[in-house]
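Student: Please take me through this model one feature at a time, beginning with the aromatic side chains.

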Amino acid sequence: MLVGKLFFMCGKMGAGKSTAATALANKTKAVLLSEDVWLNALYPDQIRNFEDYRKYSSMLKPLLAIHLIDVLNAGASVVMDFPANTVQQRAWFLQLATDARVEHEMLYVQVSDDVCLEQIAKRRTEQPDRAAFDTPETFRLVSSLFEEPSASEQLNIRLQD
């Protein structure tokens, strides 16, 4: 019987989580699920600030949870390009893996704030539709909520190489 594995990402805004998630999905032949893609498809032009993001992101997760467990139980591995940047977010991923009875791995992308800000500025240029959201102010707000993972969370953590 095939057994899937759940991969998810931790790192500050602009750290390179999406790039790492895409590379990981390609390397492991896993299904890639991107929060940005789902949010843009379900709620186009409705996310203008961080509070909008929080609202719609919290609405998205229950829609995906049952489907994700089914995909994992079917034997496919899944890379979630969703942030696991707080204890609460990481607990949701861990619960998914527990409910699906699969292993999990959290990829922790650690880079400096300066690198994050540089990458956010580049992203604003490359993806003008994100320019209003991807700002240094939003980065500072989101970073103030970031919680370093701890051993007490019982996560299988791999640092980005």
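**Rings, charges and loops**

Tutor: Both Trp 92 and Phe 93 are buried, where buried means under 20% relative accessible area, exposed means over 50%, and partly exposed covers the range in between, with a 1.4 Å probe and protein chains only. Keep in mind that this is a predicted model, in which local features need pLDDT of at least 70 and side-chain atom pairs count only at pLDDT 80 or more, while totals for chains, interfaces and linings use all residues. Residues are numbered from 1 along each chain as its sequence is written, and side-chain values use heavy atoms, with hydrogens and water left out.

Student: OK, and how many aromatic pairs does a search of the whole structure find?

Tutor: The search finds 5 aromatic pairs. Among them, Trp 92 and Phe 93 are arranged edge-to-face, with 5.1 Å centre to centre and 70° between the planes. For a pair, the ring centres of Phe, Tyr or Trp (its six-membered ring) must lie within 6.5 Å, and planes under 30 degrees apart count as stacked, over 60 as edge-to-face, and the rest as tilted.

Student: Which residues form one aromatic cluster with Trp 92 and Phe 93?

Tutor: Phe 8 joins Trp 92 and Phe 93 in one aromatic cluster.

Student: And what lies over the face of Trp 92?

Tutor: That is Lys 61, at 5.2 Å from the ring centre. The criterion for a charge over a ring is NZ of Lys or CZ of Arg within 6 Å of the ring centre and within 35 degrees of the ring normal.

Student: Switching to cysteines, how many disulfides does the structure hold?

Tutor: It holds 0 disulfides, a disulfide being a pair of cysteine sulfur atoms within 2.5 Å.

Student: Why is there no bond for Cys 10?

Tutor: Because the closest cysteine sulfur to that of Cys 10 belongs to Cys 116 and is 11 Å away, it is too far for a bond. Cys 10 is buried, at 0% relative accessibility, and Cys 116 also counts as buried, at 0%.

Student: Now the charges: how many salt bridges are there?

Tutor: The structure holds 9 salt bridges, each needing a side-chain nitrogen of Lys or Arg within 4 Å of a carboxyl oxygen of Asp or Glu. One of them joins the side chains of Arg 90 and Glu 153, at 2.7 Å from N to O. This pair links distant parts of the chain, since Arg 90 is in helix H4 (residues 87–100) and Glu 153 is in the loop between helix H6 (136–145) and strand S5 (157–159), 63 residues apart. The numbered helices (H or I, at least four residues) and strands (E, at least two) are DSSP runs, counted from the N terminus.

Student: Is that pair buried or exposed?

Tutor: Arg 90 is buried, with a relative accessible area of 1%, and Glu 153 counts as buried at 12%.

Student: What about helix H5, which salt bridge does Arg 123 form?

Tutor: Arg 123 pairs with Asp 134, the closest N and O atoms being 2.7 Å apart. Here too distant parts of the chain are linked, with Arg 123 in helix H5 and Asp 134 in the loop between H5 and H6, 11 residues apart. Arg 123 and Asp 134 are both buried. Glu 126 and Lys 122 also form a salt bridge, with closest N and O atoms 3.8 Å apart, and both lie in helix H5 (residues 113–126), 4 residues apart, about one turn of the helix. Glu 126 is exposed at 53%, and Lys 122 is exposed at 52%.

Student: Which residues are linked in a network of salt bridges?

Tutor: Lys 5, Glu 105 and Arg 158 are linked in such a network.

Student: Last topic, backbone: which residue in the loop between H4 and strand S4 has a positive phi?

Tutor: Arg 101, found in the loop between H4 and strand S4 (103–108), has a positive phi of about 60° although it is not a glycine. Most residues other than glycine have a negative phi. Lys 29 likewise has a positive phi, near 60°, and lies in the loop between helix H1 (17–28) and strand S2 (31–34). Lys 29 counts as exposed at 73% relative accessibility, and Arg 101 counts as exposed at 75%.
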